[in-house]
Amino acid sequence: MNFQNEINNDIKFLAQSEIRLKILSELNEHPDNIRGIVKRTEITYSSVSSNLSKLEHNNHIQKIDNKYYVNPITEIYYTALMDFKKSVELINNYNSFWAKHNIDQLSVESIKRLTDLKDSKIVETTIIDIYKTHNTTKHQLLESKSVKAIFPFLHPEHPEMIETILENDGTLELIIPHSIYKALLFNINTNVRKNAIKKRKLKIYPVDDDLNIYLTICDETMSLGLFKNDGSFDQNRILTSDSQKSHQWALDLFNTIKHDVIK
């Protein structure tokens with residue numbers, strides 16, 4: 001049996017029992033004896049005892065001075081399993097956002113860290129408010145002093161929003177398609193634009209590559225928009241969050257894409 005198969009079998013052994021995962025969760029937080037685990041988990045004594053024996057037999061835990069401890073490699077397995085479980089829950093909860101959408105521009109690392117977006121919420125347009133997604137990101141942008149963004153297209157209000165941020169002494173770093181570069185620049189007040197570029201308050205990276213993602217990173221918030229599989233941008237929903245983890249996730253994705261597309 002090779003090393004990879006051993007890992008697969010270990011993970012399967014742990015994942016196929018909710019009781020084992022619950023016991024590992026408790027022991028990961030606080031090593032304990034059988035009676036302590038029973039009290040904290042409210043699982044029957046016989047079930048706890050039986051599963052502790054199996055875990056110990058498979059070298060996932062060890063008993064020291066009447067208390068059980070999780071072995072280091074099993075801590076890694078357990079963390080990976082919990083992250084995977086959270087990722088699946090996140091995808092299922094936000095199915096309308098992820099399903100039938102192009103995620104090619106998400107980096108491997110950002111997909112691995114998808115659970116960082118667990119505190120996000122979906123903002124969707126309604127019959128009454130068809131501009132809800134745009135107005136949400138617009139409000140976030142205009143309330144910020146520092147903005148990093150990926151604009152895969154030019155919205156009529158983008159130049160005005162950028163101009164307002166710059167007039168308020170804000171800074172912007174933008175990744176945009178080369179095809180909209182001139183249209184964007186020429187619709188920003190010349191003096192405001194030149195002054196911002198001179199002070200390094202405005203950095204624009206025009207790229208020839210297709211951009212299949214809409215991303216804004218503001219002072220306290222981030223928003224993510226995706227393209228559908230047919231190539232059209234989904235204007236009806238965005239994922240947005242004000243959590244620190246989501247903000248860092250978006251910032252890391254922005255930097256990765258900037259590194260990849262800027263030649």
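**Exercise 1. Strand S9 and its partners**

Task: In this predicted model, find which sense S9 and S10 pair in and over how many bridges, then work through the other partners of S9.

Solution.
- Step 1. S9 and S10 pair in the antiparallel sense, and three bridges link them. Within this pair, Met222 stands opposite Ser241 in S10.
- Step 2. Strand S8, residues 213-217, also pairs with S9 in the antiparallel sense, over five bridges. Here Thr216 faces Ser223 in S9. S8 and S9 form a hairpin, and four residues lie between them.
- Step 3. Strand S3, residues 101-102, pairs with S9 over two bridges, again in the antiparallel sense. The bridge partner of His101 in S9 is Lys228.
- Step 4. Now consider burial. Of the seven residues of S9 (residues 222-228), six are buried, so the strand is largely enclosed by the rest of the structure.

**Exercise 2. Strand S6 between S5 and S7**

Task: State the sense in which S5 and S6 pair, and how S6 is joined to S7.

Solution.
- Step 1. Strand S5, residues 146-150, pairs with S6 in the parallel sense over five bridges. Lys148 stands opposite Glu173 in S6.
- Step 2. Strand S7, residues 202-207, runs parallel to S6, and six bridges join the two. Leu172 has Leu202 in S7 opposite to it.
- Step 3. A helix completes part of this picture: S5, helix H9 (residues 158-167) and S6 make a β-α-β unit, and the unit is right-handed.
- Step 4. S6 itself, residues 171-177, is mostly covered, with six of its seven residues buried.

**Exercise 3. The largest cavity and the largest pocket**

Task: Find how many cavities of 30 Å³ or more there are, and which residues line the largest cavity. Then turn to the largest pocket.

Solution.
- Step 1. The count comes to one cavity of 30 Å³ or more. The largest cavity holds about 40 Å³ of space.
- Step 2. Its lining consists of Leu141, Val147, Phe151, His158, Met161, Ile162, Ile165, Leu172 and Leu174. H9 and S6 are the elements that give two or more residues to this lining.
- Step 3. H9 supplies the largest share of the cavity lining, four residues.
- Step 4. The largest pocket holds about 260 Å³ of space. It is lined by 14 residues, and those nearest its centre are Thr133, His134, His155, Phe233 and Gln235.
- Step 5. Helix H8 (residues 132-142) gives the most to the pocket lining, with three residues.

**Exercise 4. The length of helix H2**

Task: Does the distance between the end C-alpha atoms of H2 agree or disagree with the span expected at 1.5 Å a residue? List also the buried residues of H2.

Solution.
- Step 1. Helix H2 covers residues 18-29, which is 12 residues.
- Step 2. The expected span is 1.5 Å times one less than the number of residues. For H2 this comes to 16 Å.
- Step 3. The end C-alpha atoms of H2 are 17 Å apart, which agrees with the expected span.
- Step 4. The buried residues in H2 are Arg20, Leu21, Ile23, Leu24, Glu26 and Leu27.
- Step 5. As background for reading such a list, an α-helix has 3.6 residues a turn, so residues three or four places apart point the same way.

**Exercise 5. Three residues compared with the cut-offs**

Task: Decide whether Ser243, Thr115 and Lys67 are buried, partly exposed or exposed, and give the contacts of each.

Solution.
- Step 1. The cut-offs needed are these: buried means under 20% relative accessible area, exposed means over 50%, and partly exposed lies in between.
- Step 2. Ser243 has a relative accessible area of 14%, so it is buried. Ser243 sits in the loop between strand S10 (237-241) and helix H12 (244-261). Apart from neighbours within four places in sequence, it is in contact with Asp116 and Asp119.
- Step 3. Thr115 is at 11% relative accessibility and therefore counts as buried. Thr115 lies in the loop between helix H7 (108-112) and strand S4 (121-124). Again leaving aside neighbours within four places in sequence, Thr115 is in contact with Asp83, Lys86, Ser87 and Leu90.
- Step 4. Lys67 is at 33% relative accessibility, so it counts as partly exposed. Lys67 belongs to strand S2, residues 67-70. Not counting residues up to four places away in sequence, Lys67 touches Pro31, Asp32, Asn33 and Gln62.
- Step 5. Finally, take Lys67 and Thr190, which are 123 residues apart along the chain: their C-alpha atoms are separated by 71 Å.

Notes: Residues numbered from 1 in each chain as written. Predicted model: local features only at pLDDT ≥ 70, side-chain atom pairs only at ≥ 80, totals over all residues. Heavy atoms only, no water. Buried < 20%, exposed > 50% of the residue type's maximum accessible area, 1.4 Å probe, protein only. Contact = heavy atoms within 4.5 Å. Pairing = 2+ DSSP bridges. Right-handed = clockwise from strand over helix to strand, strands pointing away. 1 Å grid on protein atoms, 1.4 Å probe; cavity = no way out; pocket = protein on both sides within 12 Å on 5 of 7 lines; lining within 4 Å. Points joined across faces, edges and corners; volume = space filled by probe spheres on them.
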